[in-house]
Amino acid sequence: MNVFPDLHLEDLRAEIEPKALGRQLGERDRPMLDAVEDQGQAKISQFIAQKKNEAVQLRDERLTEIDKGLAELDHPLLPGALESVGQQALAEFGDVEQRHAEYLRSDLQEWRKRREDYLDFKEDNGISREPDYHSTFRRWMGGCGLAALLLLESALNGGFLAEGSEAGLFGGWSIAVGFSAVNILAPFALFGPLSRYVRHANLGLKIAGGACLLTWVLLALALNLGLAHYREASEALAENPDSAMVTRLLAQPFGLETAASWLLLVLGLGFSVLAFYEGWKFWGDSYPGYRGVHLKMTEARARLDDLREEAADELKEVRVKWLATAQETLDRARMQPAETRRLLKSESDLLSMFEDHIDQLGSLGAMLIEEYRVANHAVRSDGVVPASHMGAWTLESPPPHRVRTWEPKLVDDSVLATLQAEHVETVRVLNTQWETAQQRLGLASQSPGGENAAP
């Protein structure tokens with residue numbers, strides 16, 4: 001592909017207009033007969049010289065690019081050229097180890113301590129199972145569910161109580177909201193969490209937990225039976241529904257007379273049981289304190305795993321980086337002979353095309369000069385050929401192209417074979433260094449407590 005612009009006589013003629021220029025000067029009998037230089041001829045020469053200079057500049061730019069490419073390929077790739085790859089990789093592996101070793105050691109010790117605390121807690125309290133507690137998402141869902149339960153029970157109770165209340169709907173709602181707060185919030189925030197101590201290994205705490213559980217059962221029955229009897233007393237339009245409720249509750253606690261009252265009792269107890277269950281599970285495992293020690297252990301493990309993953313990723317990046325460098329070095333050596341030959345041929349072709357371009361430019365310039373002279377002679381009044389038109393016009397030779405002070409050398413097959421073997425060894429060394437660094441940082445073991453863990 002020719003890198004120089006195509007030359008066409010018609011295009012050059014349209015730019016310089018040699019015939020018009022020749023007539024214009026010839027009508028004034030110029031140039032003078034004895035003049036050494038011709039203004040019109042000089043203008044055409046300058047125009048052709050500009051085209052020549054543009055070609056020279058393009059030639060030199062391309063030669064500079066070729067020289068740069070040859071220089072990049074001319075680095076000596078001798079046996080041992082890949083040794084530095086393994087040495088630099090070893091230094092970077094060492095940097096990663098140095099930055100992470102202390103943190104990994106500290107986090108590993110923390111995890112081991114938290115694990116010992118967890119195992120000691122299980123042993124001291126006679127626990128053989130894994131902890132069972134709600135996740136953060138489940139706790140949020142439970143809290144929202146309890147809020148909805150509180151509103152639902154208040155709405156249901158408010159409707160039931162309003163039927164027999166002298167204060168109407170407002171009075172029924174007021175009683176219902178207060179009742180629901182005690183019936184749901186107390187077992188959730190107090191009785192549910194404290195009753196978990198009924199499973200504690202300590203006898204005193206176990207008795208306290210049992211007492212709390214019994215208190216909730218009695219309170220839930222008393223509250224919900226009292227509410228049901230209060231509704232019936234209000235519905236019967238008793239003069240003093242509070243006193244009537246107490247009397248009925250003490251005399252016949254389960255002597256409810258209407259289905260609506262029984263429904264109110266069942267719903268209230270059911271809501272209280274749900275709140276108690278959420279309180280039992282919401283604050284942790286059913287065994288008090290078990291969730292705390294387990295969370296500390298899992299959080300320490302998560303921090304250690306995150307740090308291990310970060311260190312492993314950095315070691316992997318170092319390995320991938322230098323493996324790619326080694327492969328790139330080998331590829332460059334493999335392509336060097338063919339690429340060098342291609343650039344040398346490109347240089348030869350460029351110079352040949354440049355010579356052809358200059359020859360063509362000189363021929364076209366001579367044609368333009370001849371057209372100018374003929375047009376000039378045809379209109380001169382003296383009919384004489386000026387002295388400046390006697391000789392043949394020639395294009396001044398372009399400056400010579402650069403001559404390299406060095407000759408590129410091709411990598412021979414023996415060197416390529418040695419580099420291939422060296423590349424295989426470099427890959428092996430890099431993988432060995434990577435695996436060793438992982439082992440020293442404790443990243444190759446199956447668990448943080450494995451034998452390969454950082455000391």
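A helix, as the word is used here, is a DSSP run of at least four residues, and helices are numbered from the N terminus. With that in mind, one residue can serve as a point of entry: His294 is located in helix H10. The model in which it appears is a predicted one. His294 is buried, because its relative accessible area is 14% and the term applies to anything under 20%. If neighbours within four places in sequence are set aside, the residues in contact with His294 are Tyr118, Pro131 and Tyr133.

From this single residue the view may be widened to the whole chain. The protein chain contains 11 helices and zero strands. Its pattern along the sequence is accordingly written α-α-α-α-α-α-α-α-α-α-α. Of the 455 residues in the protein chain, 40% are buried. The chain exposes about 25200 Å², and 58% of this area is supplied by carbon and sulfur atoms. When contacts with a separation of 6 or more are considered, 82% of them in the protein chain involve residues 24 or more positions apart.

A predicted model should be read together with its confidence values. For the protein chain the mean pLDDT is 84, and 89% of the residues reach 70 or more. In residues 446–455, however, the pLDDT falls below 50; this stretch nevertheless has 25 contacts in the model beyond near neighbours in sequence.

The interior may be considered next. In soluble globular proteins, nonpolar side chains tend to be buried together. The largest nonpolar core in this model has 30 residues, and the members that touch the most others are Phe93, Tyr290, Leu315 and Leu441. At least two residues of this core come from each of helix H4 (83–124), helix H10 (290–379) and helix H11 (413–440). Helix H10 gives the largest share, with 12 residues. What surrounds Leu315, once neighbours within four places in sequence are left aside? Leu315 is in contact with Phe93, Val96, Trp434, Ala437, Gln438, Leu441 and Leu443. A further core of 28 residues lies apart from the largest one, and its members include Ile16, Ile66, Phe354 and Leu395.

Nonpolar side chains also appear on the surface. Leu214, Val217 and Leu218 together make a nonpolar surface patch of about 260 Å². Leu214 belongs to helix H7, which covers residues 203–235.

Charged side chains form another set of links. Side chains of opposite charge can pair when their charged atoms come close. The structure holds 22 salt bridges. In one of them, the side chains of Glu314 and Arg99 meet at 2.6 Å, N to O. Because Glu314 lies in helix H10 and Arg99 in helix H4, this pair ties together parts that are 215 residues apart in sequence. The two partners can be described by their accessibility: Glu314 is buried, at 18% relative accessible area, whereas Arg99 is partly exposed, at 43%.

A second group of salt bridges involves Glu347. The side chains of Arg402 and Glu347 meet in a salt bridge of 2.3 Å, N to O. This pair links distant parts of the chain, with Arg402 in the loop between H10 and H11 and Glu347 in helix H10, 55 residues apart. Arg402 is partly exposed, with 24% relative accessibility, while Glu347 is buried, with 11%. Glu347 also forms a salt bridge with Arg404, in which the closest N and O atoms are 2.6 Å apart. Here the separation in sequence is 57 residues, since Arg404 is in the loop between H10 and H11 and Glu347 is in helix H10. Arg404 is buried, with a relative accessible area of 15%. Through shared partners, salt bridges join Asp67, Glu347, Arg402, Arg404 and Glu407 into one network.

One final pair of residues shows how positions far apart in sequence are placed in space. Glu83 and Ala326 are separated by 243 residues in sequence, yet their C-alpha atoms are 9.5 Å apart. Glu83 is in helix H4, and its relative accessibility of 52% makes Glu83 an exposed residue.

Notes
Residues numbered from 1 in each chain as written. Predicted model: local features only at pLDDT ≥ 70, side-chain atom pairs only at ≥ 80, totals over all residues. Heavy atoms only, no water. pLDDT = per-residue confidence, 0-100. Contact = heavy atoms within 4.5 Å. Patch = residues over 30% accessible without salt bridge, like charges linked within 9 Å, V, L, I, M, F, W, Y side chains within 5 Å. Areas by Shrake-Rupley, 256 points an atom, 1.4 Å probe, with all protein chains shown as cover. Salt bridge = Lys/Arg side-chain N within 4 Å of Asp/Glu carboxyl O. Core = buried A, V, L, I, M, F, W, Y, C linked by side-chain atoms within 4.5 Å. Buried < 20%, exposed > 50% of the residue type's maximum accessible area, 1.4 Å probe, protein only.
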